[in-house]
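Here is a quick walk through a predicted model. Have the sequence and the coordinates open as you read.

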Amino acid sequence: MEIEKDVVYKQLESEDKSTRRAALLDLKKRAEKRQLDEHLLSDLFDPLIKIVSSDKVENLRESASIILLALTTHGSISTAQFQAIVNFSVDRFEAEPSEEVRLTLARVNHAAILNQNVQPVYLENLDKLTQLVKLAVRDRYGEVVKEACEIITDLSERNEYFRLQADFFVEPLMQHVKSQPMKVRVMCVKALEPVMIYSPLTIPNIAPQLEIFWSESSPMVKLAMVLTIGKVSLKIEPDDQNFHLLFPLILLGRCNEFNEVSDEAERIWKVLTDEPGFHRRFAKSFSKLVPKLLADTENWNNDLRIQSAQLIYQFVREIPDRKLELSTVMEILIFQSGDDQAPVHNWACKAARLIGETCALEALTWLSDQKQEDPEATNASGLTIYSHIVHGFLNAVQSHYPARTLELCVQLAVRFSSLKEISLLECLETLVEKDVGIPVDLMNQLLFVTLSLEGSDQSDFLSRKLSLLQPMASRLGLSNIDTMIQQRLPSLLTSESDPAQWTITSPPWKILQFVARDMKMIDNFVFDLLCQTIAATQCPEIKLKSFNMLTGSMSHIQCTDSAQLQAMLLANVKWKPGRSASVLRSSAALCAYAAVQHRKLEIIPSNVDAIANSFADLVEDEAVNTRLAAIRIIQRCLLAGRPANLDSLLTTLMGRLNDISKDVRQGAMAGLRDVFIHWRAQGASCAMETKFVDLVRVLALDDDLPSKTFADGILQSMLVDLSKMDITGEKGSEVVE
């Protein structure tokens, strides 16, 4: 036996490459068959180490490392051999180009650690051992990294001084958690478990980073994260200063869409909640994490914002007292509800409903206390959170609704009434239809809000708004919507600011617009208010919309004050410079014609001069619609009486017979035709004699074929009895021509 050892030793030390190869192949075959004497390690240790560390032939280094692995796995290792293996591995690891040799070296050291139970040996070689593991973890070959992770796990179990090493493994392990393939990442995450358990001070450098990597990780890596953090949370002291950093990953696991991850997170959560004093520690941890959650809410990274929203929901869901940190939570929820990422918005809404179930009063009070000019608290984001709090409150409370909470619900509805959001309408529907016992004064406020709500993009907004008014009428003890509006409208509008101060966003103006335009309810009060608004307001848009509403509703206006209507219309058809003034003139003129057409404004001898004089100048207005309306009104004036400026009016009308607009030309022709026929029937030939030839001359100059055809019709209807007209001589010749 001794002779054999000597022979093998000499062969391994030989300068001849073939001799070394033959000896190594023989030993390798015996190692694979487990026929190597375990005592060979002490005799062959030095030449094997020499070959692995310095032989230039890669397959010889690989064979030597495999034999060394077999001897260290199945044989006992002395302290000196352990130290030698660690030292030469540290020196060789970075210089070794072969991945397989590096992997075998890592396994040799792993086997040496498993065969070493003497604690002083670990302490004596602690630095070198730590350096070796760091080199292996940083290796570019994934299998080497996985072996290094297993070494860390076994070191934590066998080395009493592991806590002195743990900190050094954090940085290389965390580098691979994001960059390596999935299986390597899983191993790295698992290797972090003993590091955090034996050195809790490393948790701040690990748990927050894992949270950042969460969204980009595969389900298997997420499962490894949950398992690792869960085990750490069950093994370290609950009162550890860094314990709160472990909760986010467990809570994120509960929100995960993969059942394996969420089920494991739920299992860990149940074990944690069963521990004494857990809820106290959880509340304390939440307070510590609130600043971080607030910062993540504004992070540029979409995934982190989604995770922050999920965590807020989970904390609100599990916190014993949801009033804890409520002001900060409300601030976060309002910010999240306006996020452009739908998951962030949805999680915030779910959290708001949970708050509404248990502490709606405090949450609504916080919203109410925010300054009116605060854009975050009064914009659509604030409305979204408000509506979900109200829904949560109404769903949780089935009877005996607190009066103060209901009052805040109504007050905030008034505050948000300027927003074009369907969510406020939905909230009002729930408040009214559920019959929560809202008193009459608050119901009047809700009526004010409902009437002032403007339509949004939803096509059914108006129908839902009208449907909401019926239960409101019932709650107020009224038979129908029309009766409710007629009774309540004066008090709702007169209690607000003067019409002169209204803008297009003023709630009273919105209410007036809804009643007059959408419901077409223009009674004496609404008519008077529209006239007052037109007369008093300085806002061109309000004037324009008021005229349009009057024009559109003129056929079914219940009753009007003709004198008031005439004064308002004549005041607004006066010429003023500017584009806005032109548009308003046109609207007023169209409204006046509608009033005349539907007999809401009668033209009689007593007012014919005032009306004719006011519209005479508009016949030459730059707007076609204005000219047309003026022509038709002057026609009505000429049919109703004999204005003092008759000659001027006829001349003005005939001036439009060559208007650039065909519609205006035809309107003037038709008007003159009707007037001449009417006067002829009345026997008033004098005016016809004066203007007839002028009219014929103007018609003759019109080259437009349709106009000429129309002109022929006028002449045929007018020239029924020329003998009654003094058009002989020169005039007659001109007429014949």
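## Valine 608 and its surroundings

Leaving aside residues up to four places away in sequence, valine 608 touches Ile603, Cys637 and Pro643, where contact means heavy atoms within 4.5 Å. Valine 608 sits in helix α32; helices (H or I, at least four residues) and strands (E, at least two) are DSSP runs, numbered from the N terminus. With 4% relative accessibility, valine 608 counts as buried. Here buried means under 20% relative accessible area, exposed over 50%, and partly exposed in between (1.4 Å probe, protein chains only). The C-alpha atoms of valine 608 and leucine 639 are 10.0 Å apart, with these positions 31 residues apart along the chain counted as their separation.

A word on the ground rules: residues are numbered from 1 along each chain as its sequence is written, and side-chain values use heavy atoms, with hydrogens and water left out. Since this is a predicted model, local features need pLDDT of at least 70 and side-chain atom pairs count only at pLDDT 80 or more, while totals for chains, interfaces and linings use all residues.

## The whole chain

The protein has 38 helices and zero strands. Of its 737 residues, 53% count as buried. Take the contacts between residues at least 6 apart in sequence: 72% of them join residues at least 24 apart.

As for confidence, the average pLDDT (the predictor's confidence in each residue, from 0 to 100) is 83, and 87% of the residues score at least 70. Over residues 720-729 pLDDT stays under 50, and the model has 11 contacts for this stretch beyond four places in sequence. Where pLDDT is low, the predicted coordinates should not be read in detail.

## The core

Which residues touch the most other members of the largest nonpolar core? They are Leu173, Tyr386 and Phe615, in a core of 238 residues. Such a core is a set of buried Ala, Val, Leu, Ile, Met, Phe, Trp, Tyr and Cys residues joined through side-chain atoms within 4.5 Å. Helix α19 (residues 342-369) gives the largest share of this core, 13 residues. Tyrosine 386 has contacts that include Leu364, Leu367, Phe416 and Leu431, not counting residues up to four places away in sequence.

## Two helices that cross

The axes of helix α31 (residues 579-597) and helix α33 (residues 624-640) come within 9 Å and cross at roughly 35°. Axes are lines fitted to C-alpha atoms, for helices over the stretch in contact, and angles run from 0 to 180 degrees between N-to-C directions. On the α31 side the contact residues include Arg585, Ala589 and Tyr593, and on the α33 side they include Ala629, Ile633 and Arg636. By class, this contact has seven nonpolar, four polar and three charged residues. Ala, Val, Leu, Ile, Met, Phe, Trp, Tyr, Cys and Pro count as nonpolar, Asp, Glu, Lys and Arg as charged, and the others, Gly among them, as polar.

## Loop residues

Two residues other than glycine have a positive phi; here they are side by side.

| Residue | Phi | Loop | Relative accessibility |
|---|---|---|---|
| Lysine 520 | near 55° | between α27 (507-518) and α28 (524-536) | 44%, partly exposed |
| Arginine 599 | near 60° | between α31 and α32 (608-616) | 63%, exposed |

Threonine 503 lies in the loop between α26 (481-494) and α27, and is partly exposed at 36% relative accessibility. Threonine 503 touches Trp509 and Ile542, not counting residues up to four places away in sequence.
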